[in-house]
Number of protein chains: 2
Amino acid sequence: MSASTSTPSFPHVGVHDSTGTAVPAPAAPVVPSRGRFRPLGIGEVVITGGPWAARQSTNAAATLAHVEHWLEREGWLGNFDATARGELASTRAGREFSDSEVYKLLEAMAWEHGRSGDPELDARIRAITARVAAAQNADGYLSTAFGRPGSARRWSDLEWGHELYCLGHLFQAGVARARTAGHDQLLTVCTRAADLVCEVFGPDGIPSVCGHPEIEPALVELYRVTGRRRYLEQAALFLERRGHHVLGEIEFGRSYFQDDQPIREATVLRGHAVRAMYLSSGAVDLAVETGDEELLAAVVGQWEATVARRTYLTGGMGSRHQDEAFGEDFVLPPDRAYSETCAGVGSVQLAWRLLLAQGDPRYADLLERTLYNVVDTGPSRSGTAFFYTNTLHQRVLGTVPDQDSAVPRAASSLRAPWFAVSCCPTNVARTFASLQTLVATADQDGVQVHQYAPSTITTDLPAGRLALRVRTAYPASGRVEVVVDEAPDAAVALSLRVPSWAHGATLTEGGVTRPVEPGTATATRVLVPGEVLVLDLPVTPRFTAADPRVDAVRGTLAVERGPQVLCVESVDLPGEQHVDDLVLDPDRAPEDVEDGVLVHGWLHRQADPAWPYGAPPGPDRPGEPVTAVLHPYADWANRGPSTMRVFLRVPGPGSR
Amino acid sequence: MSASTSTPSFPHVGVHDSTGTAVPAPAAPVVPSRGRFRPLGIGEVVITGGPWAARQSTNAAATLAHVEHWLEREGWLGNFDATARGELASTRAGREFSDSEVYKLLEAMAWEHGRSGDPELDARIRAITARVAAAQNADGYLSTAFGRPGSARRWSDLEWGHELYCLGHLFQAGVARARTAGHDQLLTVCTRAADLVCEVFGPDGIPSVCGHPEIEPALVELYRVTGRRRYLEQAALFLERRGHHVLGEIEFGRSYFQDDQPIREATVLRGHAVRAMYLSSGAVDLAVETGDEELLAAVVGQWEATVARRTYLTGGMGSRHQDEAFGEDFVLPPDRAYSETCAGVGSVQLAWRLLLAQGDPRYADLLERTLYNVVDTGPSRSGTAFFYTNTLHQRVLGTVPDQDSAVPRAASSLRAPWFAVSCCPTNVARTFASLQTLVATADQDGVQVHQYAPSTITTDLPAGRLALRVRTAYPASGRVEVVVDEAPDAAVALSLRVPSWAHGATLTEGGVTRPVEPGTATATRVLVPGEVLVLDLPVTPRFTAADPRVDAVRGTLAVERGPQVLCVESVDLPGEQHVDDLVLDPDRAPEDVEDGVLVHGWLHRQADPAWPYGAPPGPDRPGEPVTAVLHPYADWANRGPSTMRVFLRVPGPGSR
């Protein structure tokens, strides 16, 4: 790897093949220089249809413009212009982290431009970049919230100021632009700012970190793009400093920003969920680049404990409203679940990094669950309204949010166009814009398909080019056809993930059908162009129960179908009765019907006692028989105010 | 009633008998001029033994000095001295509401001095009063947080400033002092401040309210003591203004300080629980003084809905950490229950006012439940350490709080000596100091005993003096003996509350035992000195289940005994196993044993799956048979760090 350099354009630090030769880096959000799998870039995977293609189209056609509109309207983009004019003090708009939304929009636009090549989008990127660049100080400093006449001085509030956090998002935008369009003005802005950070926070600089992790993975990625090792070293400094009480005491405790214990010593993720995800992602990036197996193992252990004890059925992370934080083990209440959309995005980023590093399909399992049930729940189908939090139990009819103003982040049961703290829309936008890069990976021997969507996958293996075409109506159907369009003459390994819930799956190749277990099904042989491999995943709807230690959902069952968690909404109950009156019949399996999944049960209208506690009642009264059609949780709240449940009560100690 | 007057001493506005003649006001915290029952003052009821006498002794001997020590040590008392010296700006200590803790200490000391007559305590009250008085401005303004050089100007932050809130606590202290020691300097400080408030916030003044209700009941009480009707009118102004969005928008929404809808229109208590309790108490006070049945009915309806759907088994109110607020209906998670000690104190105040106004024993029921299970849980037995929040499920071993510094309010599972926000210790202190006034009431016809403790009750009825002596080991025993020491020659009505849980209670009088139903058992006849009435309440331990809509405790039972909620702590399980591993046998009734209540069950050590959701398991494995001894919830966390549960899981869908 090249050392720090002052030349204006940088060698790509790409993936090294077995001979040590650098190959061109793929255009993807995470490009480690080593690991179990290498990512495939935007040029290698194209999603050609199905729900994920629809999400990418809507993102391009509606969300990017919607976000840009609100950034202008709220003055968060204008902050940069005012800074350039030296007029910021009197006019600054938004919270201390508003710059980051501009950077996340730039990142989303860069990935989308990389996908579509749209010249108009390219021009918009250049225009915003120019406004950002104009606000940068001569020494590289860049913030519209600090360090100006009338504002607080630079680095004076590391706990809450988000200066380094914002720069992290800037770097991720610059990385996305560099990987999709080459070195341009945005990367120059990034390296000037990053060089300043390395001076100010270097070994002899301010011995502290940012209250919100984000610059850690961003610096590693910037190192990967530029080859400047000082960025990697600075990321290491930030990661190793945190946990030693380098930040001040805050009301939520130091665990809030993971400054309570060193990352190598922690055993579970804790504190603010988004912060935990970004920090852990940075740690994986660092561990991979430096070959630090101890650090990687520490993060893996934390991830395992978090998934086993602190994660919602949806993949949602962070149950607490007060501090947007993880609760204690098994404290996962469905009502008032926080499950921030951004924590879902962060969890996808972490799981993806772990998958690249270690190859274990469990990472792709959680990633899929989180994509389908958290990230995809965030935005409306129109791509212009968003959930910030994702409750799993809506007890009261929500109010329709004001469509013409930014709303508090967790104010309603319906999606809102913008928030006073509006991290989620831009986070979803950058995820959808680069969604195809999560579909498949490669290694020396072949290709691994992790996510199933109509798509083409084309990559050059040491043995030659492998081109695949995936045909599927997944997740509506469990049938996945992989058509081999081009293949080397030599044997390659084609691996298909079998999700953990897919008991009874089969793989058909060469006319032979064989059962495959959850994990990975691999065909290792010479593939013949024109042949079709068929993976059949059982997406029959199923009941799911929680560990008894998840007290909040004891005596309930959820219904899942394939990777999707389902829910019932009051609009789907007779007379729009309250979902809390529905009691599920656990002895009648859920059934696929035309417009959803049918369950049987009873409606139990509860009496209203003056005091809700008393002698244990007898068994439930039978109640009025009822059927209800469940729909994917991600689609809820698209038909007006409704009550909603994911976990449905089963008969037990009865009504009173 | 007398109009506003400038004479330095005031006629007591006491209870009016049927002829309209004022009788001397009792020395008690709430003295309405009308209502179903009249309160009995400190001179009329004496608690002579049992747990409540112990609480009063400890409060007098330890808590008052402990609080005074911390108020000095933290500088919250010194703020008054610095204000008097004009040196406040550079030295002010504590939060914006720290003055209120000084006032609540004064109130507690006043009630305790009224009880004991201790001259040394009288001197301490006078000394603190002098320091407070010295900080008062010439125009009556009094605050150490606002309106001084270097601090924000007066009334400039009604949402969060707590200026009027602090004055409310000042007035309650002044009222306590006036009722127990007559008119002294403290009352003069109060009326000077109250007159200023009436000028500044009167009909033509600032048309707003305080973000934290408290001055409303305090002004009505000050009116009752002074006869100055303008205080009553000002309380009415404050109460009627709130709810019309007179305060600014805050992150938690206007319901936080009950400014979302007018009190006459609300149907349930909502927002910050302590604020809701104080506001409702003020509304009852106003409604009673003005004969406003509509307002009273509105508060009663809100109370009923809150008790039916938003109250913990303990009587605890406010489930949410984020804003110390009520959750939606039936959102009552035992883990991370907030259930602030002060909300319990406020609930006692509200229930007591409603009992005086309407006489319904359900108010005394909730009051008893809250006293035994929230207020009594707050302080340690030593009276020098406190809970701010009262969780009903402790999942992890807590840490021992620093005994030498103020701690965050909800930081540990163990009681702490002081908090940065330290409202609870002083609130408990004033409640315990006046506890005897909650025992009994009177009306024209007789006496009503609401709470059972060894005590003497002596009051003058129209028919003559009635003197009773209560002998009991309640709540350890359910036997309550009421000895008639003195009685009029005419018939009187002696009413004894039969708690709602006391099915199978009996009353024995004149050698005859008869069953009595929950509610009230009354003997209406000529009582004979020397006779003993015996109320026998069944305090057999019992299982209690929650309404199925309290999702968080589905599939569990709690154990209650008399008015006490019990709990299990890990220190009482074999090998100090985790309480979450205990499964209760619901078919074996809980039994009284020497040191608590014995339950039978099994220990189920849970497996630790990588993902805590899966196919519904079969019935619970039998597990290892075990017995556990439960203790009153109020006594928990007195034996070091422990896990704890109130609601115990019963067999159901099993372990995996």
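**Two chains, their contact and their sheets**

Biologist: Asp551(B) forms a salt bridge with Arg395(A) in this predicted model. What makes that pair a salt bridge?

Modeller: The closest N and O atoms of Asp551(B) and Arg395(A) are 2.7 Å apart. The cut-off is 4 Å between a side-chain nitrogen of Lys or Arg and a carboxyl oxygen of Asp or Glu, so a pair at 2.7 Å counts.

Biologist: How many salt bridges are there between chain A and chain B?

Modeller: The count there is 6. There are also 21 residue pairs in polar contact across that interface, both residues being at pLDDT 80 or more.

Biologist: Which elements of chain A give two or more residues to the side that touches chain B?

Modeller: They are α11 (293–309), α13 (361–375), β14 (542–546), β15 (556–561) and β20 (613–614) of chain A. β14(A) gives the most, with 4 residues. By class, that side of chain A has 25 nonpolar, 11 polar and 17 charged residues.

Biologist: And how many residues does each chain bring to the contact?

Modeller: Chain A brings 53 residues and chain B brings 53 residues. The area buried between chain A and chain B is about 4600 Å², with carbon and sulfur atoms giving 54% of it. Arg554(A), Trp611(A) and Tyr613(A) supply 16% of what chain A buries against chain B, more than any other three residues.

Biologist: Why do you say that β14(A) pairs with β20 of chain B?

Modeller: Two strands pair if DSSP finds at least two bridges between them, and β14(A) and strand β20 (residues 613–614) of chain B have 2 bridges, so they qualify. The sense is antiparallel. Within β20(B), Gly614(B) is the bridge partner of Ala545(A).

Biologist: Let's move inside chain B. What makes β1 and β12 edge strands in the sheet β1-β4-β5-β9-β12?

Modeller: That is an open sheet of 5 strands with mixed pairing. β1 (38–39) and β12 (519–525) of chain B each have a single partner strand, so one side of each is left without a neighbour in the sheet.

Biologist: How do you know that β5 and β9 of chain B pair, and in which sense?

Modeller: Strand β5 (residues 446–449) and strand β9 (residues 492–498) of chain B share 4 bridges, and at least two are needed, so they count as paired; the sense is parallel. Gly446(B) stands opposite Ala493(B) in β9(B). Helix α13 (residues 361–375) of chain B packs on this sheet, touching β9 and β12 of chain B, and its direction makes about 50° with that of β9(B).

Biologist: What is the strand order in the open sheet of 7 strands?

Modeller: The order is β2-β6-β7-β8-β13-β10-β11 in chain B, with antiparallel pairing. β2 (45–47) and β11 (512–515) of chain B are the edge strands, since each pairs on one side only. Neighbouring strands of this sheet are turned by 15° against each other on average, direction ignored. Strand β10 (residues 506–509) of chain B and β11(B) are antiparallel over 4 bridges, and Leu507(B) stands opposite Arg514(B) in β11(B).

Biologist: Back to salt bridges: why is one said to tie together parts of chain A that are 15 residues apart in sequence?

Modeller: The side chains of Arg154(A) and Asp139(A) meet in a salt bridge at 2.7 Å, N to O. Arg154(A) and Asp139(A) both lie in the loop between α5 (119–134) and α6 (163–181) of chain A, so the pair ties together parts 15 residues apart in sequence. Over all chains, the count comes to 126 salt bridges.

Technical notes:
Residues are numbered from 1 along each chain as its sequence is written. Chains are lettered from A and ligands numbered from 1 in the order in which they are written. This is a predicted model: local features need pLDDT of at least 70, side-chain atom pairs count only at pLDDT 80 or more; totals for chains, interfaces and linings use all residues. Side-chain values use heavy atoms; hydrogens and water are left out. Contact means heavy atoms within 4.5 Å. Buried area is the accessible area (1.4 Å probe) that two parts lose on being put together, summed over both. A polar contact is a pair of N or O atoms within 3.5 Å; within protein, one must be able to donate a hydrogen and the other to accept it, and residues adjacent in sequence count only if both atoms are side-chain atoms. Ala, Val, Leu, Ile, Met, Phe, Trp, Tyr, Cys and Pro count as nonpolar, Asp, Glu, Lys and Arg as charged, and the others, Gly among them, as polar. Axes are lines fitted to C-alpha atoms, for helices over the stretch in contact, and angles run from 0 to 180 degrees between N-to-C directions.
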